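Work through the exercises below with the structure open beside you. Each one sets a task and then solves it step by step.

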Amino acid sequence: MDLDKQYYSISEVAKLFKVNTSKLRYWEAQFPHLLPKRTGTGIRKYTPVDIEKIKVLVDMIDVKGLTIEGAKQALNNKGAVKNPNQAVINQLTDIRDFLQVLSQELE
């Protein structure tokens, strides 16, 4: 899949995956990690990163036959489409917990 543009319209993305635009809008409501940018007038603009997320969803739901709930669980369990900064967030959380314990011991 050659993604040479910075932004794609919902109709371009729908055509790329051979799905209805309504399915993409529905998936936005079901999968919080899928949030394309919007113009001032509300028109959706998908980035190549958004398209990769949709590719994962199409594979799980349309190819493998998972339900929406099954796809949500698979994403949560595998971490296939999680925040790319999750490792840093985890480290910062550990540091915060350590500092809270240290603060309590000093009091």
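**Exercise 1: A charged pair between two helices**

At 37% relative accessibility, aspartate 62 counts as partly exposed, on a scale where buried means under 20% relative accessible area, exposed means over 50%, and partly exposed lies in between (1.4 Å probe, protein chains only). The model is a predicted one, in which local features need pLDDT of at least 70 and side-chain atom pairs count only at pLDDT 80 or more, while totals for chains, interfaces and linings use all residues. Residues are numbered from 1 along each chain as its sequence is written, and side-chain values use heavy atoms, with hydrogens and water left out.

Task: with which residue does aspartate 62 form a salt bridge?

Solution. Begin with the rule, by which a salt bridge is a side-chain nitrogen of Lys or Arg within 4 Å of a carboxyl oxygen of Asp or Glu; by this rule the count comes to seven salt bridges. The partner of aspartate 62 is lysine 23, and the closest N and O atoms of the two are 3.1 Å apart. Next, place both residues: aspartate 62 lies in helix 3 and lysine 23 in helix 2, so the pair ties together parts that are 39 residues apart in sequence, helices being DSSP runs (H or I) of at least four residues and strands DSSP runs (E) of at least two, numbered from the N terminus. Lysine 23, with a relative accessible area of 28%, is also partly exposed.

**Exercise 2: How helix 2 meets helix 3**

Task: describe the angle at which the axes of helix 2 and helix 3 cross, and state which residues meet.

Solution. Two packed helices are described by the angle between their axes and the distance between the axes. Here the axes of helix 2 and helix 3 come within 12 Å and cross at roughly 100°, where axes are lines fitted to C-alpha atoms, for helices over the stretch in contact, and angles run from 0 to 180 degrees between N-to-C directions. That makes helix 2 roughly perpendicular to helix 3, because angles of 65 to 115 degrees are given that name, whereas those under 35 count as roughly parallel, those over 145 as roughly antiparallel and the rest as oblique. Turning to the residues, Lys23, Leu24 and Trp27 of helix 2 meet Ile54, Leu57, Val58, Ile61 and Asp62 of helix 3, contact meaning heavy atoms within 4.5 Å. These residues divide into six nonpolar, no polar and two charged.

**Exercise 3: The largest nonpolar core**

Task: which members of the largest nonpolar core touch the most other members, and which helix gives the most to this core?

Solution. A nonpolar core is a set of buried Ala, Val, Leu, Ile, Met, Phe, Trp, Tyr and Cys residues joined through side-chain atoms within 4.5 Å. The largest one holds 21 residues, of which Val13, Leu24, Trp27, Phe31, Tyr46 and Ile54 touch the most other members. At least two residues of this core come from each of helix 1 (10-17), helix 2 (21-30), helix 3 (48-63) and helix 4 (68-78), and helix 3 gives the most, with six residues. Finally, look at isoleucine 54, which, leaving aside its neighbours within four places in sequence, is in contact with Val13, Phe17, Leu24, Trp27, Leu34 and Tyr46.

**Exercise 4: A loop residue**

Task: decide whether leucine 34 is buried or exposed, and find what it contacts.

Solution. Leucine 34 has its place in the loop between helix 2 and strand 1 (37-38). With a relative accessible area of 0%, leucine 34 is buried. Its contacts, apart from neighbours within four places in sequence, are Trp27, Glu28, Asp50, Lys53, Ile54 and Leu57. With one of these, aspartate 50, the C-alpha to C-alpha distance from leucine 34 is 6.5 Å, although the two residues are 16 residues apart in sequence.

**Exercise 5: Arginine 44 and its partner**

Task: where in the chain do arginine 44 and glutamate 28 lie, and are they buried or exposed?

Solution. Arginine 44 forms a salt bridge with glutamate 28, the closest N and O atoms being 2.6 Å apart. This pair links distant parts of the chain, since arginine 44 is in strand 2 (residues 44-45) and glutamate 28 in helix 2, 16 residues apart. Both arginine 44 and glutamate 28 are buried.

Conventions: Nonpolar A, V, L, I, M, F, W, Y, C, P; charged D, E, K, R; others polar.
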